[in-house]
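Q: I have a model open and would like to talk through a few parts of it with you. Can we start with the strands and go on from there?

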Amino acid sequence: MKKIKIKLRRVIIGAAAGAIAAAALVLSAFAFSSEADSDSSRVVEEMDGSGAYITAEAAELDDVIDVETGEAVRTVEVLGATKDYLSSMTPEEIQSLSSEALAIEGLDTSLADGNLVTRGITFEVPEGYEASPDRPGMYVPKRYPIDASNMVYSEFDADYTLQMMDEAYFEQMVEQNFAMAYGTDIDVNITEYTPYTIDGVPSIRVKAEYDLDGNHVTSLMIIVNGSKTYTVVYTQTHDYDRMELFEASAASIHVQK
C-alpha cells in the first residue's frame, strides 16, 4: 500500500515537471513559426545572475489559444496551470513529499533534501550565433531569419521530481502543448531521451523531431534539474544543419554552485 501511495503522489507532482519542460521546447518553435509574428510583449520569466553566469530574459511571445475553450491564454499562465493543485501545500511539504517519492524510485534526493544549491549555468553560444535584439534569451545566426535555426535559454521554478519524467510522458506533454499553442495536432517523435548528470546535477538530454509550418524541425534540449530548472533548446529546420554546432555548445554547459 505504501508504494502505491507514493506512485500516486509521483504522478501528481510529476505533472508539473512535464508541463514546464515540454513548454520550454514548444516555446523555441515560435522563433521561426509564422504564429510568432506580432507586436506582443509578453514576458514569460525574468532571469538574472552574475559573473560568468550567462543571463537573459525569456523570449517575448504571443498569447496562445486554448483548443478547448477557444480563449487566448498568456503563455506564462500555460506554464503555471498544472501547478495550481500544489497551492494548498507549503514549500516544505512539497519538498518532503518529493524527497520521499524520489527515494522510493532510487533517484537523487539532494535537491529536495536541500543539499543541492545551484547559482545558474554557463555555456558557450554556438559559433556564429549572437543574442537576438528582439527576443531576450534567444541566440540566432547572422543570416536569421533566412537561417531560422536558434538557441533559447530559459529558467523556471525548481522542480524536485523532474527526474521522474520519462520519454513517453514527455512526448505526450510536448504534443499537448503544441495543440494548445497552434490549435492542431502535431506528431512529435522523440529520437533520444537520456537522463545523465552535468557537474553532478541530474539533467536530461532530449532530441525531438516534428513538422511545423512546412518545416521539418529538429530540436536538441538540455534540461538541468538545479535550484532552478534550466533549459537550453537548440532548434533547426531542414534547410540548414547546425547540429554539430549545437552539440559543441551543449557539451560546454556547466553548472554554477
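Q: What is the bridge partner of Ala131 in β7?
A: In this predicted model, Ala131 has Tyr139 of β7 as its bridge partner. The two strands concerned, β6 (residues 129-131) and β7, pair in the antiparallel sense over three bridges.

Q: And how many residues lie between β6 and β7 in the hairpin?
A: Six residues lie between them, and in that turn Gly137 has a positive phi of about 90 degrees.

Q: What is the bridge partner of Tyr139 in β8?
A: That partner is Met151, and β7 and β8 (residues 150-156) run antiparallel, joined by two bridges.

Q: Which way do the residues of β7 point, and are they buried or exposed?
A: Met138 and Val140 point one way from β7 (residues 138-141), while Tyr139 and Pro141 point the other way, and all of them are buried. As a general matter, side chains in a regular strand alternate between the two faces of the sheet.

Q: Which aromatic cluster does Tyr139 belong to?
A: Tyr139 forms one aromatic cluster together with Phe123 and Tyr153.

Q: How many aromatic pairs are there in the count?
A: The count comes to six aromatic pairs. One of them is formed by Tyr129 and Phe246, which meet edge-to-face at 5.9 Å centre to centre, with 65 degrees between the planes. This pair links distant parts of the chain, since Tyr129 is in strand β6 and Phe246 is in helix α5 (residues 243-251), 117 residues apart. Both Tyr129 and Phe246 are buried.

Q: Switching to helices, why should α3 span 20 Å?
A: Helix α3 (residues 91-104) has 14 residues, so at 1.5 Å a residue the expected span is 20 Å, and the end C-alpha atoms are indeed 20 Å apart, which agrees. Its buried residues are Ile94, Leu97, Ser98, Ser99, Ala101 and Leu102, and just after the helix Gly106 takes a positive phi of about 70 degrees.

Q: What about α4, how far does that one reach from its first C-alpha to its last?
A: Helix α4 (residues 167-182) has 16 residues and reaches 22 Å, close to the 22 Å expected. Among its buried residues are Phe170, Met173, Val174 and Asn177, and Gly183, which follows the helix, has a positive phi near 70 degrees.

Q: Last thing, what is the mean pLDDT of the protein?
A: The mean pLDDT is 76, and 69% of the residues reach 70 or more. Over residues 1-15 the pLDDT is below 50, and this stretch has 20 contacts in the model beyond near neighbours in sequence. Residues 34-67 also have a pLDDT below 50, with 95 contacts in the model beyond near neighbours in sequence.

Notes: Residues numbered from 1 in each chain as written. Predicted model: local features only at pLDDT ≥ 70, side-chain atom pairs only at ≥ 80, totals over all residues. Heavy atoms only, no water. Helix = DSSP H or I, 4+ residues; strand = E, 2+ residues; numbered from the N terminus. Expected span 1.5 Å × (residues − 1). Buried < 20%, exposed > 50% of the residue type's maximum accessible area, 1.4 Å probe, protein only. Pairing = 2+ DSSP bridges. pLDDT = per-residue confidence, 0-100. Contact = heavy atoms within 4.5 Å. Phe/Tyr/Trp six-rings, centres within 6.5 Å; stacked < 30°, edge-to-face > 60°.
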